[in-house]
Amino acid sequence: MKARVKLSLFSTIMTIVAMALLLYGLYATYGNPHKFALLVTIIAVLLIVSLFYCPVSISAQEEGVLVHSPLKRHSIPMRCIVKVERFIPTMGSIRIFGSGGFMGYWGIFKEGDVGRYVAYYGKSSDCFIIHLDNGDKYVVGCENPDEMVDYISSKIAK
């Protein structure tokens, strides 16, 4: 089973505005080689890290749940999953490392009642939480979260 990750309106606008500002910065610093080179380096690092972690699609198979990013696949083994349920992250979550809208929501977050979790989603309304046997938690989101939760639940119930 595979489903796309759809970005929220806020995340889409945030990504477009941030990219436009970065491109404007390149234009504005073009005459100054030191500032231009520094900005190119910052943009390259930002984009490479984002492409390693921003979620594009989610797939669930017999072996586990895969979060597909443009440059990497993040694997959550099915044998380690103890519980999966729908979950909506709140605006009160604290971002420890990652993105709160630029190319989606990804990284390490902390929320009062859930604790620390790794997130890969585009819209908070499309999320579900995966609890692992070692206490780790993943908040993942895709276009059809109810079907994905049902599928994963059926695989871990065996």
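In which helix is Ile 13 found? It sits in helix H1, and the close-ups below, all taken from a predicted model, start right there.

**View 1. A nonpolar patch on the surface, with Ile 13 as one of its members.** Leu 9, Ile 13, Val 17 and Leu 21 make up this patch, which covers about 410 Å². Take a look at Ile 13 in helix H1: its relative accessible area is 45%, so we call it partly exposed.

**View 2. Helix H2, from its buried side to its exposed side.** H2 runs through residues 33–53, which makes 21 residues. From first C-alpha to last it reaches 30 Å, close to the 30 Å you'd expect at 1.5 Å a residue. Leu 39, Ile 43 and Ser 50 are the buried ones to find here. Look down the axis of H2 and its buried residues fall within an arc of 35°, so they line one face of the helix. What covers them? Helix H1 (9–28) and strand S7 (104–111) are among the parts that do. Now flip to the face turned away from that buried side, and you'll meet the exposed residues Pro 33, His 34, Leu 38 and Val 45.

**View 3. Arg 4 and its partner Glu 143.** Side chains of opposite charge can pair when their charged atoms come close. Here Arg 4 forms a salt bridge with Glu 143, and the closest N and O atoms are 3.2 Å apart. The two come from distant parts of the chain, 139 residues apart: Arg 4 is in strand S1, while Glu 143 is in the loop between strand S10 (137–141) and helix H3 (145–156). Glu 143 has 39% relative accessibility, so it counts as partly exposed. Beyond its close sequence neighbours (those within four places), Arg 4 also touches Val 56, Ser 57 and Cys 142. Pro 55 is 51 residues from Arg 4 in sequence, yet their C-alphas are 8.7 Å apart in space.

**View 4. Lys 155 paired with Glu 62.** In this salt bridge the closest N and O atoms are 2.7 Å apart. Lys 155 belongs to helix H3 and Glu 62 to the loop between strands S2 (57–60) and S3 (64–68), so the pair ties together parts that are 93 residues apart in sequence. Lys 155 is buried, with a relative accessible area of 18%.

**View 5. Glu 85 and Lys 83, another salt bridge.** The closest N and O atoms of this pair are 3.6 Å apart. Glu 85 is partly exposed at 33% relative accessible area, and Lys 83 is partly exposed too, at 41%. The model's salt bridges come to four.

Definitions and conventions. Residues numbered from 1 in each chain as written. Predicted model: local features only at pLDDT ≥ 70, side-chain atom pairs only at ≥ 80, totals over all residues. Heavy atoms only, no water. Helix = DSSP H or I, 4+ residues; strand = E, 2+ residues; numbered from the N terminus. Expected span 1.5 Å × (residues − 1). Buried < 20%, exposed > 50% of the residue type's maximum accessible area, 1.4 Å probe, protein only. Arc of directions from axis to C-beta. Contact = heavy atoms within 4.5 Å. Patch = residues over 30% accessible without salt bridge, like charges linked within 9 Å, V, L, I, M, F, W, Y side chains within 5 Å. Areas by Shrake-Rupley, 256 points an atom, 1.4 Å probe, with all protein chains shown as cover. Salt bridge = Lys/Arg side-chain N within 4 Å of Asp/Glu carboxyl O.
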